[in-house]
Amino acid sequence: MFANLFEKISAPFRPAPPPTPHSRDALEISSELIRKIRDIQVKTNHLVNHMMAGEYVSAFKGHGMEFNEVREYQPGDDIRRIDWNVTARLDHPFIKEYREERELTVMLMVDVSGSGGFGSHYAFKNEVAAEVASILAFAAIKNNDKVGLIVFSDQIEHFIRPQKGRAHIWNVIRTILTFEPEGHRTNLNLPLEYLLRVQKRKSIAFLISDFQAEDYMDRLRRARKKHDLVAIHILDPREVELPDAGLVHLEDAETGEAVWVDTSDPDLRKRYAGEKEREGRELQAALRSAGVDRIEIRSDRSLVNPIIQFFKMREKKH
C-alpha cells in the first residue's frame, strides 16, 4: 500500500491515535466517562428541544403505514390502492385502507472500526459518531419512538434491541463511547445484512461511518428497499487535506501499516486532496443512485446544522 503512496494516494493515512482507556466492562465506568455521557445528554437534549423541535417529526411523518381494512371503491379514490384479490372475489372494486403508524423504530448502525479512533481537532471520530447518534436518539424518544443499535467493524460487535426511554438512550450512548471492538477494519455489508435479519418491519436506519470500505452497494440497495436508509458520513479535516507539517509518521488505523511522509511537498498535498475530492464525489453519486440520502458530518464543524438541513430537506419531500 505504502509503495504506491507517491504515485497514487489510495488509502486514508492518519497519525496513530494515542491509546484510550476504553473498557468493555459496563460495571466499571469512570467518572470522566459519566461526565462525558452527561455532557452529551445535556447538550443533545437541549439541541433537540430548542433547535430541532418538530423537524424530526416533519421529516419522517407518514413514514410508517400499516394496513387497516378494505372498503368499497368510491369515485376519486386512488386506483393504485385497489385490492385486486378482494375485487376479483366479490366482483366489485375494493381498495386498501392504511393508517399511519404513530410509533417508529430508529436503528443506529455505528462503525467502531480502527479509523474511528482518529481525531485532529476537538474529538475523535467515534466521539463525533456518539454525539450524532445521541442527537438522533433524543429526537426519536421525544417523539416516543424506539431506538436500536448495531455496533460493527469487520464483524457484528454488539446489538441492542429497539426500546424506548432515557435509561435506554444512556445505555446506547455509553456503548458507542466505550465499546472496544475485536475487529479493526470496516465491512459495511455486515450491518446491512444484520439489519435485514433482525428488523422485519420498516425502520428509519442511520448508517454512521467514515465509509472506508468497498463492495457494499448491492446490500445497501437491498436494505434501502426495506428500510428508510440514511448514510451519515463522518469526516475529519485531515482526511480531506494534508497539512504542511513537515516529515510526519503516518499509520493506517485499520491495517497498522506505517510510513514517513514529507507533507511539506506541495505536489503530494495537492494529489492527496484531489484523490479525496474524487472519492467524495464517487461516494455521493453511488449513494444517490441507490436512493440513499447522505449527511456529511465534519469533526471541525457544527454537527447539528447538517442534520437540521437534512430534516428540512426531507420535510419538503413529503
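Here is a chat between a colleague and a modeller about how terms are applied to this predicted model.

Colleague: Before we start, what are the ground rules?

Modeller: This is a predicted model, so local features need pLDDT of at least 70 and side-chain atom pairs count only at pLDDT 80 or more, while totals for chains, interfaces and linings use all residues. Residues are numbered from 1 along each chain as its sequence is written, and side-chain values use heavy atoms, with hydrogens and water left out.

Colleague: What makes Arg278 and Glu275 a salt bridge?

Modeller: The term asks for a side-chain nitrogen of Lys or Arg within 4 Å of a carboxyl oxygen of Asp or Glu. Here the closest N and O atoms are 2.2 Å apart, so the pair fits the definition. Side chains of opposite charge can pair when their charged atoms come close.

Colleague: Why are Arg278 and Glu275 about one helical turn apart?

Modeller: Because they sit three residues apart in helix α8, which covers residues 266–289. By the way, helices (H or I, at least four residues) and strands (E, at least two) are DSSP runs, numbered from the N terminus.

Colleague: Are those two residues buried or exposed, and how do you know?

Modeller: Buried means under 20% relative accessible area, exposed means over 50%, and partly exposed is in between (1.4 Å probe, protein chains only). Glu275 has 13%, so we call it buried. Arg278 has 27%, so it goes down as partly exposed.

Colleague: Which other salt bridges does α8 hold?

Modeller: Among them is Glu279 with Lys276, whose closest N and O atoms are 3.1 Å apart. Those two also lie three residues apart in α8, about one turn of the helix. Glu279 is partly exposed at 27%, whereas Lys276 is buried at 13%. Then there's Glu277 with Arg281, at 3.4 Å between the closest N and O atoms; they are four residues apart in α8, again about one helical turn. Elsewhere, shared partners join the salt bridges of Asp228, Asp293 and Arg314 into one network.

Colleague: How many salt bridges are there in the structure?

Modeller: The structure holds 13.

Colleague: On to helix packing. Why is α4 called roughly antiparallel to α5?

Modeller: Two packed helices are described by the angle between their axes and the distance between the axes. Axes are lines fitted to C-alpha atoms, for helices over the stretch in contact, and angles run from 0 to 180 degrees between N-to-C directions. Helix α4 (residues 125–142) and helix α5 (residues 166–178) pack at about 165°, with their axes 9 Å apart. Angles under 35 degrees count as roughly parallel, over 145 as roughly antiparallel, 65 to 115 as roughly perpendicular and the rest as oblique. That makes α4 roughly antiparallel to α5.

Colleague: And which way do α4 and α5 cross, left-handed or right-handed?

Modeller: Right-handed. That label is for a near helix turned clockwise from the far one by less than a right angle, and left-handed is for anticlockwise.

Colleague: Which residues of α4 and α5 meet?

Modeller: On the α4 side they include Ala130, Ala133 and Phe138, and on the α5 side Ile169 and Ile173 are among them. Contact means heavy atoms within 4.5 Å. By class, this contact of α4 with α5 has nine nonpolar, two polar and two charged residues. For the classes, Ala, Val, Leu, Ile, Met, Phe, Trp, Tyr, Cys and Pro count as nonpolar, Asp, Glu, Lys and Arg as charged, and the others, Gly among them, as polar.

Colleague: What about α6 and α7: parallel or antiparallel?

Modeller: Their axes come within 9 Å and cross at roughly 30°. That makes α6 roughly parallel to α7. The crossing of these two is left-handed, and the residues of their contact divide into four nonpolar, one polar and four charged.

Colleague: Now some loops. How do you know whether Asp83 is buried or exposed?

Modeller: Its relative accessible area is 11%, so Asp83 is buried. Asp83 sits in the loop between β1 (65–72) and α3 (84–90).

Colleague: And what makes Asp215 exposed?

Modeller: Asp215 comes out at 69%, so exposed is the word. Asp215 lies in the loop between β6 and α7, and its phi is near 55°, a positive value in a residue other than glycine.
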